[in-house]
Amino acid sequence: MFIIKHKKIFIGISVLLVLLSITSICVFGLKIGIDFKGGALSEVEYKSVRPIQADLNPALEALNYGPISLQPTGDLSYIVKSRDLTEAEHSQLLTTLSQNGQSALEEKSFNSIGPSVGKELTRKAILSIVLVSLVLICFIAFAFRKVSKPVSSWKYGIIAIASLLHDVLIPVGIFAFLSHTFGVEIDSLFIVAVLTILGLSVSDTIVIFDRIRENLRNRVGNDFKETVGTSLNQSFVRSICTSLTVILVLLALVFFGPESTKYFALMLAFGMFFGTYSSIFLASPLLVLTEELQNKKKK
């Protein structure tokens, strides 16, 4: 198959994208939202006309409350993010948003998250990602325990995790760039998106690995390379079509959905795209490359 024949090119593309993503993360960093650093989050809705954001920004800066983020939502509302506020500061913020009473508004919700809660959420988010990765390795190694030749079952798990890192690092790298350019913040929905990508991506990879396992049992192909190529031929159209339908729905949410879930849907769309790419163009070629390296060592 074309993919297996040119496996080094596709693996090289993945390595380049991962390196660019790591560079983006290191250079730009991620703008942490109040879910992790603590702060105040409120949603205000105007009764008639929502003031232009450019008109509100100078008045908000004059409050000296530090960075205040205004995020339009719906036709008449703003989501307001700031540091943790006292009761007096909260009242002053609402007065400023109403342009000293010129624009009638209603506060739909207000939440305050302390720094300690933010640190706890950060710790749990990192722990959950690590635990999910370990469970996935164990599951794949167990599921493929009867497939020990020519590639050991635990290597299927390691290759799957390498693909998962690829699928997560590239969208995170893109979001680091978006954080730097457009001020996109990383919140709890971002972590949900990462965990969702892990599940969806490994599911697609396992489908192809399972096809390889079945073809190995049935001795399809003259060698391992041909078996993997045949398995990809049998699977890649289904994988691409399934992922494409999900990506189209996610893009609809990005362009037409609520502002609060816009970047969550965008993160998932990136994850689905690169997850499909890695399942077809990275994981399977890595299996063949692993088998070839094993043969060279034996010789």
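Is Phe-10 buried or exposed? In this predicted model, Phe-10 has a relative accessible area of 11%, so the residue counts as buried, the cut-off for that word being under 20%.

Aromatic contacts are a good place to begin. The structure holds 8 aromatic pairs. One of them joins Phe-10 and Phe-281, whose ring centres are 4.9 Å apart. Their planes meet at 45°, and the pair is therefore tilted. Phe-10 belongs to helix H2 (residues 7–28), while Phe-281 belongs to helix H10 (residues 262–298). Because the two residues are 271 apart in sequence, their pairing ties together distant parts of the sequence.

Phe-281 has a further partner, Tyr-277. Here the ring centres are again 4.9 Å apart, but the planes lie at 25°, so this pair is stacked. Both residues are in helix H10, where a separation of 4 residues amounts to about one turn of the helix. Tyr-277 is buried too, because its relative accessibility is 15% and the limit is under 20%. Taken together, Phe-10, Tyr-277 and Phe-281 make up one aromatic cluster.

A ring can also face a charge. The charged end of Arg-50 sits over the ring of Tyr-78, at 5.2 Å from the ring's centre.

Helix H7 is the next element to look at. H7 runs through residues 153–182 and contains 30 residues. From the first C-alpha of H7 to the last, the span is 44 Å, close to the 44 Å expected at 1.5 Å a residue. Just after H7 comes Gly-183, which takes a positive phi of about 75°.

How values were computed:
Residues are numbered from 1 along each chain as its sequence is written. This is a predicted model: local features need pLDDT of at least 70, side-chain atom pairs count only at pLDDT 80 or more; totals for chains, interfaces and linings use all residues. Side-chain values use heavy atoms; hydrogens and water are left out. The expected span of a helix is 1.5 Å times one less than its number of residues. Rings of Phe, Tyr and Trp (its six-membered ring) pair if their centres lie within 6.5 Å; planes under 30 degrees apart count as stacked, over 60 as edge-to-face and the rest as tilted. Buried means under 20% relative accessible area, exposed over 50%, partly exposed in between (1.4 Å probe, protein chains only). A charge sits over a ring if NZ of Lys or CZ of Arg is within 6 Å of the ring centre and within 35 degrees of the ring normal.
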